[in-house]
Amino acid sequence: MEKKLERAIIYILRYAIAEGGRAYYNPCMYNLGFADNIPPSDEFNRELCKFGQVHYERYFDSEFEESYYDDAWDYFEINENGRNYIAQKERAFNGP
């Protein structure tokens, strides 16, 4: 994983832990330079999903009378793998 991507993933994971297990797209992703019209890459979302689940908000488009998912996710929910990954990073940085 490239360093910039890894730093962004670590930021999201730490943010989720600090916020009770969830990192909402706004303001979290805005701090990383993403916006509703500039969503994160598929690669970013795939890497992030190794550490939890991305939840998408459902939108309804009445003009086309069909529902669809927007490209930007609503929130990320960290799992135990994500918590362990951050704990491992903290131990490597701070020592045992």
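In this predicted model, helix H1 does most to shape the list of residues around the largest pocket: the largest share of that lining, four residues, comes from H1. Helix H1 spans residues 3-18, and helix H3, covering 42-48, is the other element that gives two or more residues to the lining. As for the pocket itself, about 200 Å³ of space lies inside.

Going through the lining residue by residue, the pocket is bordered by Glu 2, Lys 4, Leu 5, Arg 7 and Ala 8, along with Leu 32, Phe 34, Ser 41, Glu 43 and Phe 44. Sorted by class, that makes a mixed wall, with five nonpolar residues, four charged ones and one polar one. Among the lining residues are Glu 2, Lys 4, Arg 7 and Glu 43, as well as Leu 5, Leu 32, Phe 34 and Phe 44.

Now for the sheet. Strands of a sheet pair through backbone hydrogen bonds, and that pairing can be parallel or antiparallel. Here, three strands make up an open sheet, running in the order S1-S5-S2, and they pair in the antiparallel sense. The edges are taken by strand S1, residues 22-24, and strand S2, residues 52-55, each of which pairs on one side only. From one strand to the next, the twist averages 15 degrees.

Strand S5, made of residues 75-78, sits between S1 and S2 in the strand order. The antiparallel pairing of S5 with S2 extends over four bridges. A handy landmark for following this pairing in the structure is His 55, which stands opposite Tyr 75 of S5.

Notes:
Residues are numbered from 1 along each chain as its sequence is written. This is a predicted model: local features need pLDDT of at least 70, side-chain atom pairs count only at pLDDT 80 or more; totals for chains, interfaces and linings use all residues. Side-chain values use heavy atoms; hydrogens and water are left out. On a 1 Å grid over the protein atoms alone, a cavity is a set of points where a 1.4 Å probe fits but cannot get out, and a pocket is an open set with protein on both sides within 12 Å along at least five of seven lines; lining residues have an atom within 4 Å of a point. Grid points are joined across faces, edges and corners, and a volume is the space filled by probe spheres set on the points. Ala, Val, Leu, Ile, Met, Phe, Trp, Tyr, Cys and Pro count as nonpolar, Asp, Glu, Lys and Arg as charged, and the others, Gly among them, as polar. Two strands pair if DSSP finds at least two bridges between them. Axes are lines fitted to C-alpha atoms, for helices over the stretch in contact, and angles run from 0 to 180 degrees between N-to-C directions.
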